[in-house]
Amino acid sequence: RLLAQASFVFCSYQTATLKALRRAMTKSDGYKAEEVGDVPRDLEGSFLANKEWQYPVEQRSGWLPAGAQELVDGHPWTRRAVEKNTRFPGYVPPEALFCWTEPDFASYVNSGGFVKPKLQCQYYISPENPQGIVDLLEPALSDLNWTCTVDSKVGRDDNLAQVTDYMGMPVPRMKKLDDGSLEVVKPSSKVAPIFIWECSRKLIDYKPTLKYQGLVNRLSGINMFTKVGMLELVRERCIERDIPINFPPPWYPLAFTLPDDLEQWKRHAEANPHKKWIYKPNGEAMGRGIILVSKISDVDSKERPFRTRCKNVEVFDPKEAPLAERHFANYGVIQEYMVNPLLLENRKFAVRVYMLVARTKPFLTFHYNFGYIKRCGEFYDENKFNRDDLFRHITNQEFQKKQDDFTVSAAADLMSIEDLDRYLQEHYGIPAFRLNFWQQVKAICMEVCLGMKEAVTEENKVGQFEIYGLDVIVDADQRVYMLEANRDPSWVMDTAVKKAIIPDMVREMLEIVLWAHSAEGKQKEAMLHSPMRGFEVLIDEAFDFQAVDVD
């Protein structure tokens with residue numbers, strides 16, 4: 001039907017054009033009406049010469065993965081359509097991998113490019129994402145001539161249709177079911193988005209997108225964003241270094257997995273009774289489930305064994321009082337508490353920094369040279385270490401917001417690292433804090449990247465990437481320690497500092513990821529050619545580059 005329509009339209013186009021030419025030439029001075037029949041009728045030649053089978057530039061995608069043209073040329077739908085129409089003058093646009101069905105391929109090729117199916121790639125942003133990140137992503141993705149889809153039922157069945165008409169157009173077929181009834185089987189109409197931005201839960205199948213090297217903001221086989229996962233990564237990294245070192249390394253606090261390492265922790269705590277500890281459930285965030293521990297009996301005793309204190313809560317009540325009684329989770333870590341942190345206006349603070357795995361194969365990672373300070377609302381006092389004192393020990397902003405006077409407390413006032421640098425210079429006479437801080441952060445990010453590199457390259461496909469928010473803390477001697485890594489770092493821009501950092505970081509992250517998966521990014525060194533401004537290259541495996549020799 002489409003081909004018949006195309007032929008009718010094409011013939012009508014020829015007829016209309018000839019009539020227009022006759023009228024024009026009849027009116028021309030010195031031209032005789034009887035000579036109109038001599039007007040050339042090679043409209044097909046004009047169509048081919050002008051390459052009218054091509055799509056206009058404004059309808060094309062602003063980005064395509066490296067090698068996309070070769071992939072679409074070798075696609076079974078393309079090959080079968082071209083076999084049916086060997087006079088096809090052009091090529092199938094690579095965007096078709098993400099937005100055309102088999103009938104679209106056939107109609108475009110069989111009509112010689114005269115019938116042009118809609119050529120617009122789609123992007124998917126999980127509805128679970130906060131509005132802040134949506135508002136940042138949508139303009140940038142729309143500028144690439146992509147359109148948003150909310151359909152999570154995607155697919156890419158590239159098998160050839162079993163039944164076609166004489167022109168090679170796929171047509172519905174009848175399939176006999178087990179009960180003897182017949183079912184109409186139509187060619188698949190599912191397509192895959194070229195870009196997926198997922199949130200905490202997996203709501204969409206990544207495979208159809210990754211099949212042709214589209215982009216997905218998730219790494220597989222990585223669990224370092226959980227408390228136990230990070231502990232395991234750090235332990236393995238200590239062993240796998242060129243020269244193995246004892247755990248913990250200089251940049252990570254001593255930690256134990258509970259309940260697996262319960263007895264080992266008890267022996268250490270008994271030998272070091274002056275130490276304080278902080279318990280964190282494995283998969284939680286926003287300060288949920290954190291317990292301050294001063295002694296062994298706070299965790300385990302003969303009268304109350306550890307297992308009787310555990311209560312796994314799958315969904316936390318958002319209205320629960322922040323200082324209500326807390327229970328240990330079935331799985332978590334107990335970490336040595338830093339009792340001598342560097343203080344900001346006599347308050348404990350932590351720093352949020354960012355690390356980007358921009359490409360999995362070859363491995364390419366960056367860290368961002370800007371971050372922000374989040375601090376406690378109450379003054380720090382290591383001798384006040386009970387449940388009622390959580391607001392002076394937990395720096396998480398979502399937890400601090402549960403204070404009655406949060407909006408007027410110091411916790412609501414985030415600070416940039418540049419402002420912290422000036423504060424420490426003016427009040428403590430600490431010179432060049434920022435330079436020393438970023439040197440240590442770069443080394444820590446390098447350790448984390450090297451620790452995850454093998455799993456990333458083995459478990460992931462080209463097109464996967466991810467941005468992490470790392471929380472670090474500084475002690476009174478200006479030594480930096482990593483506390484944890486966060487998947488889906490906070491995109492809530494509720495302060496001037498966040499508004500100054502996050503939008504620029506997200507835009508630059510997208511530019512780098514798109515570049516890294518383009519033909520240019522596969523051939524050129526990131527340090528010299530990537531569109532980085534605030535980001536800095538950590539590892540560029542393709543060119544054997546490593547920013548810090550941590551070994």
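This report walks through some local features of a predicted model, from its sheet and cores to its backbone oddities.

**A parallel sheet and its helix**

Let's start with an open sheet of four strands, which pair in parallel in the order S2-S1-S5-S6. Strand S2 (147-149) and S6 sit at the edges; each has a single partner strand, so one side of each is left without a neighbour in the sheet. At the S6 end, strand S5 (residues 195-197) pairs with S6 in the parallel sense over two bridges, and Ile 196 stands opposite Val 216 in S6. Helix H7 (residues 131-142) lies across strand S1 (122-125), S2 and S5, and runs at about 175° to S1.

**Two nonpolar cores**

In soluble globular proteins, nonpolar side chains tend to be buried together. Here, the largest nonpolar core has 58 residues, and Trp 146, Phe 195 and Trp 197 are the ones with the most contacts inside it. Helix H14 (residues 496-516) gives the most to this core, with twelve residues. A second, separate core has 51 residues, including Cys 238, Trp 251, Leu 424 and Ala 485.

Back to Trp 197 for a moment. Setting aside neighbours within four places in sequence, Trp 197 is in contact with a long list of residues, among them Tyr 124, Ile 125, Ile 133, Leu 137, Phe 465, Trp 491 and Met 509. There are polar names on that list too, including Ser 126, Asn 129 and Asn 217.

**Buried spots elsewhere**

His 367 is found in strand S13 (residues 364-368). With a relative accessible area of 1%, His 367 counts as buried. How far apart are His 367 and Glu 536 in sequence and in space? They are 169 residues apart along the chain, yet 5.5 Å apart from C-alpha to C-alpha. Glu 536 is also one of the contacts of His 367 once neighbours within four places are left out; others include Tyr 354, Met 355, Trp 438, Lys 442, Cys 445 and Phe 535.

Is Lys 266, in helix H10, buried or exposed? Lys 266 is buried, because its relative accessible area of 19% falls under the 20% cut-off. Not counting residues up to four places away in sequence, Lys 266 touches Ile 296 and Asp 300.

Over in helix H4 (residues 76-84), the buried residues are Trp 77, Thr 78, Arg 80 and Ala 81. The buried residues of H4 pack against helix H3 (68-73) and helix H6 (102-110).

**Backbone oddities**

Four loop sites are worth a look, and here they are side by side.

| Site | Backbone feature | Loop |
|---|---|---|
| Phe 247 to Pro 248 | cis peptide bond, omega about 0° | Pro 248: between helix H9 (227-240) and strand S7 (255-258) |
| Leu 258 to Pro 259 | cis peptide bond, omega near 15° | Pro 259: between S7 and helix H10 (262-271) |
| Gln 213 | positive phi, about 65° | between helix H8 (207-210) and strand S6 (215-216) |
| Glu 345 | positive phi, near 55° | between strand S11 (343-344) and strand S12 (347-359) |

Gln 213 has its positive phi although it is not a glycine, and Glu 345 likewise shows a positive value in a residue other than glycine. As for exposure, Gln 213 is partly exposed, with a relative accessible area of 24%. Glu 345 is partly exposed as well, at 37%.

Technical notes. Residues are numbered from 1 along each chain as its sequence is written. This is a predicted model: local features need pLDDT of at least 70, side-chain atom pairs count only at pLDDT 80 or more; totals for chains, interfaces and linings use all residues. Side-chain values use heavy atoms; hydrogens and water are left out. Buried means under 20% relative accessible area, exposed over 50%, partly exposed in between (1.4 Å probe, protein chains only). A nonpolar core is a set of buried Ala, Val, Leu, Ile, Met, Phe, Trp, Tyr and Cys residues joined through side-chain atoms within 4.5 Å. Contact means heavy atoms within 4.5 Å. Two strands pair if DSSP finds at least two bridges between them. Axes are lines fitted to C-alpha atoms, for helices over the stretch in contact, and angles run from 0 to 180 degrees between N-to-C directions.
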